[in-house]
Amino acid sequence: MTLTPLTRKLTAEDAAHFLRRTAFGATDAQIRALVGKDARTAAREALAFDQTTAPGNPFDPMQGAGPGPMIQLTRGAWLFELVYGPHPLREKLALTWSNHFVVGTDKVRNVHALAGYLGLLRRHAATASFERFTLEVAQSPAMLRYLDNDQNRRGKPNENFSRELLELFTTGIGPYSEEDVREGARALTGWTFEGGRGNQNYLEPSRFVFLERQHDPGRKTYLGHSGELRGEDIVRLAATHPRTAAFVSRKLHRAFLADTPDEAAVQGSAETWRRTNGNVRAVLEELLASEAFYASRARIIRSPVEYVVGALRTLGQPKLDAKALLNLTQTAGRMGQVLLQPENVKGWDGGREWINDTTLLLRLQLAAALTLGGKAPPLTAAPSALALTGLERPPSAAATLKLNPQQATYLHLISPEFQLA
Amino acid sequence: MTNRRDFLKLSALAAAATTGMPGFLARAAAQAGGSKTLVVIQLTGGNDGLNTLVPYSNGAYYAARPTIAIPRKDVLTLTPDLGMHPALRPLMGLWDSGRMAWMENVGYPNPNRSHFASMAIWHTADPSQAQSDGWIGRLAEKIGDPFCASNIGAATPQALRASEFSLPSIDTVENFQLKLPQGLGGAFGDMLDAARSGEAAFLTQATRQMMKNTARVQANAQKYRSGATYPDGKFAAQLRDTARLIAAGVGQRVLYVSLGGFDTHAGQRAEQDELLGTLASGLAAFHADLERQGLAENVVVMGFSEFGRRVAENGSAGTDHGKGSVMFALGQGVRGGIHGSSPDLEDLSDGDIKYRQDFRGVYAEALSGWLGLNAREILNGDFRGPGWLA
């Protein structure tokens with residue numbers, strides 16, 4: 001069963017909901033501009049992004065005086081794009097993919113490797129071919145380094161990437177055996193990169209290379225297919241495996257529908273995925289225009305980055321200086337989400353895992369700093385309750401009646417409603 | 001459930017805490033839960049047990065690891081066959097005084113080489129992977145106090161997941177307090193009081209719990225003065241906060257600290273050496289601190305990792321995911337020594353050691369022997385372990 005499309009024209013709450021999920025949130029004017037549209041048009045327009053970026057990005061990772069500062073600047077540049085960029089859905093998808101095809105700056109410490117990886121996530125954000133996307137990620141210096149396939153040689157296999165390709169990137173646990181992991185590693189021998197190795201060479205270009213003499217050319221059996229399989233075959237067989245459709249669709253549902261996805265709806269997307277041979281754009285267009293999408297309200301706990309970016313976009317993208325933006329990347333980190341550095345290759349679990357005493361305290365502090373603090377950006381017109389909470393009459397409305405606009409905005413920002421999407 | 005009035009009382013308490021208000025809440029909780037504390041150390045990523053507790057008299061060990069084995073001359077000798085990795089030297093004092101235990105060859109049936117599946121098994125104490133609650137979460141529900149166990153760090157591990165409530169994560173004790181902007185206490189209470197369901201109700205509940213927990217910690221934490229010099233770094237800082245919470249006597253029975261980075265697929269020596277150094281210097285300072293506070297007899301530390309690594313090194317001077325590893329414990333309450341027998345490195349299963357000791361037996365000793373709880377109910381079965389407590 002594919003997903004049922006929404007037939008009504010978007011109401012104000014529908015529009016606010018759509019923008020919370022696809023644009024981190026929005027101003028009242030942006031919400032009004034969507035009211036009355038049909039859901040398919042809204043989804044199609046949001047997905048029609050190109051690769052243009054926000055002008056005036058103050059962060060240039062090439063200026064980093066060492067790998068550490070370079071990585072800080074990379075994070076700052078991404079946050080700038082998340083907050084001020086013209087295509088928030090592209091960035092939301094890039095963030096989602098960075099939590100799927102995970103790499104981490106604990107190991108990936110080269111400016112080109114990181115930029116190349118982020119560029120891939122943006123270009124393939126709504127990819128027409130998940131298989132192509134997977135192949136390009138598998139051959140990116142960032143992934144080759146992060147999961148050690150650059151060390152995977154004939155006679156000396158390293159299974160790290162081969163395992164995670166199946167367990168985390170394509171089929172998920174279930175349809176493969178330990179033997180498949182080993183055979184996949186053999187087929188992926190010889191895939192490595194050249195250039196940009198070592199702390200000193202963090203600014204040097206690096207690129208994928210295939211070293212024939214390090215490749216194990218023998219016969220292998222992988223996911224039920226036998227032959228003299230090569231790395232490309234492994235990636236294709238994993239990425240196009242029938243179970244991949246549901247496994248990756250479930251992640252899209254987690255990003256856009258609910259922390260605890262509805263399995264029937266996931267299977268609907270998986271069917272579209274299989275019918276279109278892994279056309280993520282088609283899956284997303286159907287998903288973001290579906291009844292299921294519009295019926296699923298307040299079921300995603302915003303991640304730290306979504307919380308920060310959501311607050312700033314709802315406040316109308318106030319201009320913050322570079323230092324303040326860098327501080328915000330660190331604040332998001334203390335709340336549990338360092339951009340490009342999930343705790344491990346599984347990525348952030350998200351949902352209720354974002355919430356504990358410490359992260360709640362930080363959310364309260366951040367909301368105060370953005371609205372009431374001495375350095376809070378000026379608030380010319382307070383966002384409406386709808387823009388802040390997604391609801392025209394939120395439960396917290398009564399509590400804000402006697403407050404000034406800054407205080408009311410603060411209280412909304414720390415309400416459960418704002419923290420959900 | 002707190003109501004608005006409770007909230008106002010709690011914020012008054014939090015405000016008064018700094019001026020020396022008696023911690024009656026804390027004392028009541030401590031009485032309810034006993035005075036012993038278990039500190040769990042998680043080594044994330046799969047710590048290589050063979051290079052931690054080194055079988056230095058075993059030729060098969062050196063044959064399997066031509067480049068990354070710990071040379072015999074570097075090993076810190078414990079027994080005629082076993083010794084510690086040289087980076088663990090700060091723990092030698094504890095070993096020599098009989099306060100450090102190693103549990104050999106620990107694992108579980110049908111081992112899983114996925115980090116996440118295996119970690120979930122250690123967290124839930126359920127190799128069938130049917131449970132989603134953690135063993136410490138279940139322990140907390142048994143005690144009935146959502147503050148009797150805490151994680152020290154930003155993200156709460158699954159081990160502390162409970163079905164009825166969420167156990168706190170305390171990133172730093174210093175910042176673990178609620179400071180609402182002037183004049184907004186009432187509005188904040190009204191906002192929380194509004195009726196909600198689903199995830200919104202979860203967030204309301206989590207916020208109320210946070211208000212209780214922070215008040216409880218701040219009521220007592222100011223008393224602590226560190227009794228030892230801790231090394232730099234996050235792990236040591238988290239251990240210092242652990243000592244601080246214990247010294248504050250806020251009634252926590254289990255505290256949980258993690259050290260990550262043990263997934264040493266390549267260039268293992270440099271990485272693991274540094275991590276074990278961090279582990280050992282942090283734990284040595286922690287123990288010294290507790291001794292000076294007069295609290296050492298009430299605390300034991302138990303450490304684990306989700307799996308060990310393959311016996312043979314790989315082609316990248318590292319090791320891939322394996323099965324079975326060592327656990328350790330330290331403290332005055334520990335029966336020092338090596339518990340259990342070493343794995344046979346010439347009789348392997350798929351390149352891995354064959355475990356002999358189920359980790360749930362090691363947990364059971366901590367639960368029943370140290371915390372005085374019914375291990376059978378928490379672990380859903382009878383598990384026998386080595387008697388690693390004195």
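# Cores and the A–B interface in a predicted model

In this predicted model, the largest nonpolar core holds 200 residues, and those with the most contacts inside it are L93(A), W97(A), I41(B), W102(B), L279(B), F286(B) and F328(B). Helix α4 (residues 67-84) of chain A gives the largest share of this core, 10 residues.

User: Which residues is F286(B) in contact with, leaving aside its neighbours within four places in sequence?

Analyst: F286(B) is in contact with V39(B), Y230(B), L239(B), T242(B), A243(B), I246(B), V299(B) and V301(B). Apart from the core to which F286(B) belongs, there is a second, separate core of 43 residues, which includes L160(B), Y363(B), A366(B) and W370(B).

User: Why is S150(B) called buried or exposed?

Analyst: The relative accessibility of S150(B) is 0%, and the term buried applies under 20%, so S150(B) counts as buried. S150(B) lies in strand β6 (residues 149-152) of chain B. Not counting residues up to four places away in sequence, S150(B) touches L160(B), P168(B), I170(B), Q252(B), V254(B), L255(B) and Y256(B); of these, L160(B) is also included in the second core.

User: What makes the pair R352(A) and E199(B) a salt bridge?

Analyst: The closest N and O atoms of R352(A) and E199(B) are 3.0 Å apart, and the cut-off between a side-chain nitrogen of Lys or Arg and a carboxyl oxygen of Asp or Glu is 4 Å, so the pair qualifies as a salt bridge. Between chain B and chain A the count is six salt bridges, and 12 residue pairs, both at pLDDT 80 or more, are in polar contact.

User: Which elements of chain B supply the side that touches chain A?

Analyst: At least two residues each come from α5 (115-124), β7 (169-170), α7 (185-193) and α8 (198-221) of chain B, and α8(B) gives the most, with 11 residues. By class, this side of chain B has 22 nonpolar, 16 polar and 10 charged residues.

User: How many residues of each chain are in contact, and what is the area buried between chain B and chain A?

Analyst: Contact involves 48 residues of chain B and 47 residues of chain A, and the area buried between the two chains is about 3,800 Å², with carbon and sulfur atoms giving 60% of that area. In chain B, the residues that lose the most area to chain A are F116(B), E199(B) and L203(B), together 18% of what that side buries; E199(B) is also the partner of R352(A) in the salt bridge described above.

How values were computed
Residues numbered from 1 in each chain as written. Chains lettered and ligands numbered in written order. Predicted model: local features only at pLDDT ≥ 70, side-chain atom pairs only at ≥ 80, totals over all residues. Heavy atoms only, no water. Contact = heavy atoms within 4.5 Å. Buried area = accessible area lost by both parts, 1.4 Å probe. Polar contact = N/O pair within 3.5 Å; in protein donor to acceptor, adjacent residues only side chain to side chain. Helix = DSSP H or I, 4+ residues; strand = E, 2+ residues; numbered from the N terminus. Nonpolar A, V, L, I, M, F, W, Y, C, P; charged D, E, K, R; others polar. Core = buried A, V, L, I, M, F, W, Y, C linked by side-chain atoms within 4.5 Å. Buried < 20%, exposed > 50% of the residue type's maximum accessible area, 1.4 Å probe, protein only.
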